[in-house]
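User: Please take a close look at one part of this model, beginning with the way the chains meet and then following the strands. A formal and connected account would be most useful.

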Amino acid sequence: MPRRISEYIIESLIKLSGLLVIILVFLLFLFLLKDSLSLFGVYPLGKFLFGRSWLPISEPPRFGVIPLFLGSLYVTVGAIIICVPVGIASAMFIAEVAPKSLKLVLKSLVEILASIPSVVLGFIGIVWLGPALRNVLGLTTGMCGLTGSLLLAFMALPTIITIAEDALVSVPRTYKEAAFGLGATRWQTLWRVILPSASSGIIAGVMLGIGRVIGETMVAMMVTGNSPVIPKSILQPLRTLTATIAGEMGEAVSGSEHYFALFAVGLVLFVITFIINFIADAFLRRARK
Amino acid sequence: MELVPKIETVGLNLYYGDFLALKGINMKIPGQNITAIVGPSGCGKSTLLRCFNRMNDLIEHTKVEGKIVIDGLNILEPDTDLISLRKKVGMVFQRPNVFDLSIYNNLKFGLRIHRMLDGKDEIIQSIRGGLEQVGLWQELKDKLGNNARTLMLEQQQRLCIARVLILKPDIILLDEPCSALDPIATLRIEELLQALKQEYTLVIVTHNMQQAARASDYTGFMYLGELVEFGQTNQVFTNPKQELTENYISGHFG
């Protein structure tokens, strides 16, 4: 009898925590939606979604999300272009090429990489990477999209490497044997057999890495120049969705149009990351099959 | 009866680290025949098979001594071209190990790595030829784009054989190729092997004595890393020269 009771209690607790997470996410979404909708009562949705300027304190204020969206897009695409090939190559190296001892060292290094606080990376960006890029590329300022992309790529690397490496390692050994048995070289085996078999897992890792890049705030705020205008290139100062919320929330009067506009920006961000995680999840599920 | 061996091993020793897994193997495997290697688990039969295409090179700390002569060339020489060796000496494994790719790409893989690709038509011709040889063309010709892992196990194993055949090998090594298959599929694979021996030299490792008896022309019996007996299958099974062989094939141990 007591055993049955303790079983019941444990089961209920687990069920409860699971439900709690779902409820919290749902409430969060409702909360964002409610405050965003307050904006659209006074500011048209179309002008928010397609407006080309973000001027929250001009008279009348303008809350066009396009410059911020493009800021996030530029930085993210830049980061993806950098971190996806590097991440996959590193994962391939760790999983298939590196000797055992080096493998262990590299894996723990990657974990350390994941634990660097983003503010430290931002700091490095301000004092070193930004000025270095300005000098090398002859820019007017080093605080631009590219600096952000580089640092964010760096931040996404551990996620991509860890998950991609897992995916590569879990490809059955027999595939390798079969390929070698047919006379394939190590590279041919890796490229044509192991990589395609691991592709679902690798894509999932990449998507999670991208989710991290889009959601990252501190580095974006510190090094991208904080200029909410439509960027002409990645070499110009820009501002991301996240940096806008973090930067302006302190000044926005609670309950004002500006305040609600920032929630609407949050909602946009929420929707984007939701879609990305959803895709990643779909690929992970396919990888497990 | 004197025959020119296709594969000949001379004083073949193989070490895994300090462990001597193959002890002075001297063996002459004739061409255009099926040779079975039998023996209890751990006797070294798979290890021996894997010497013939140097697959043991993949395992760390292995050391090989002696000679393995295939068509007059010692393949243990350090300058042996492993890529062309493995093209010439194909291998089929215990569990069907088709790649997680389409049927078409499974077959194309070998053609690609050996640069045997000459236009789409020729690829299709080779693939068709390979699948016809293993009796899969009719079943699969409209499904070449399907993932090979969705096939039944027997079809997968046939596909693995086709994947080897398409590279035009001389010798095909089969490492317990039927151990994952049911008895009927096993029989059908054996029939396929009989058809293939006209053109190829087949060496099959098996723990299934009946399979060795029905499907092979020559049999080698191995025990604890040594080749105890080698001869025509008939003779080995009906009139073994060694007592150990007799005890094993009559089921006294193993």
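Analyst: Two residues are taken to be in contact when their C-beta atoms, placed from the backbone, lie within 7 Å. The model under discussion is a predicted one. By this criterion, 19 residues of chain B are in contact with 15 residues of chain A. On the side of chain B that touches chain A, the elements giving two or more residues are helix H2 (82-88) and helix H3 (103-113) of chain B. That side of chain B comprises 10 nonpolar, four polar and five charged residues.

The strands of chain B are the part that deserves the closest reading. Four of them form an open sheet with antiparallel pairing, in the order S2-S1-S4-S5. Strand S2 (19-30) and strand S5 (73-74) of chain B are the edge strands, each pairing on one side only. Strands of a sheet pair through backbone hydrogen bonds, in either a parallel or an antiparallel arrangement.

Within this sheet, S1(B) and S2(B) are joined in the antiparallel sense by eight bridges. One pair in this register is B:Tyr16, which stands opposite B:Phe19 in S2(B). The hairpin of S1(B) and S2(B) has two residues between the strands, and B:Gly17 there adopts a positive phi near 60 degrees. Strand S1 (residues 5-16) of chain B also runs antiparallel to strand S4 (residues 62-70) of chain B, to which eight bridges join it. Here B:Leu14 faces B:Val64 in S4(B).

A single residue of S2 brings several of these elements together. B:Ala21 lies in strand S2 of chain B. B:Ala21 is classed as buried because 20 C-beta neighbours fall inside 10 Å, and the cut-off for burial is 20 or more. Leaving aside residues up to four places away in sequence, B:Ala21 touches B:Leu14, B:Tyr15, B:Tyr16, B:Gly44, B:Thr47 and B:Gly225. B:Leu14 and B:Tyr16 have already appeared as bridge partners, of B:Val64 and of B:Phe19. B:Ala21 and B:Lys45 are separated by 24 residues in sequence, and their C-alpha atoms are 9.6 Å apart in space.

Strand S3 (residues 34-38) of chain B comes next in the chain. S3(B) is mostly covered, with five of its five residues buried. B:Ile34, B:Ala36 and B:Val38 point one way from the strand, B:Thr35 and B:Ile37 point the other way, and all are buried. S3(B) has parallel partners. Four bridges link S3(B) to strand S8 (residues 201-205) of chain B in the parallel sense, with B:Thr35 opposite B:Val203 in S8(B). A parallel pairing over four bridges also connects S3(B) with strand S9 (residues 218-223) of chain B. In S9(B), B:Phe221 is the bridge partner of B:Val38.

Chain A, on the other side of the interface, is built of 12 helices and two strands. From the N terminus on, its elements follow the order α-α-β-β-α-α-α-α-α-α-α-α-α-α. The C-alpha trace of chain A spans about 75 × 70 × 30 Å along its principal axes. Of the 289 residues in chain A, 42% are buried. Among contacts in chain A with a separation of 6 or more, 73% are between residues 24 or more positions apart.

The domain assignment divides chain A into domain 1 (2-42) and domain 2 (66-288). The C-alpha centres of these two domains of chain A lie 29 Å apart. Eight residues of domain 1 of chain A are in contact with eight residues of domain 2 of chain A. On the domain 1 side of that contact, five residues are nonpolar, two are polar and one is charged.

One helix pair in chain A completes the account. Helix H7 (residues 173-181) and helix H8 (residues 186-197) of chain A have axes that come within 10 Å and cross at roughly 145 degrees. The crossing of H7(A) past H8(A) is right-handed. H7(A) contributes A:Tyr175, A:Lys176, A:Ala179 and A:Phe180 to the contact, while H8(A) contributes A:Gln188, A:Thr189, A:Val193, A:Ile194 and A:Ser197. By class, this contact holds five nonpolar, three polar and one charged residues.

Conventions
Residues are numbered from 1 along each chain as its sequence is written. Chains are lettered from A and ligands numbered from 1 in the order in which they are written. This is a predicted model: local features need pLDDT of at least 70, side-chain atom pairs count only at pLDDT 80 or more; totals for chains, interfaces and linings use all residues. Axes are lines fitted to C-alpha atoms, for helices over the stretch in contact, and angles run from 0 to 180 degrees between N-to-C directions. A crossing is left-handed if the near helix is turned anticlockwise from the far one by less than a right angle, and right-handed if clockwise. Ala, Val, Leu, Ile, Met, Phe, Trp, Tyr, Cys and Pro count as nonpolar, Asp, Glu, Lys and Arg as charged, and the others, Gly among them, as polar. Two strands pair if DSSP finds at least two bridges between them. Domain bounds come from an automatic or database domain assignment. A residue is buried if 20 or more other C-beta atoms lie within 10 Å of its own, exposed if 12 or fewer, and partly exposed in between; C-beta atoms are placed from the backbone.
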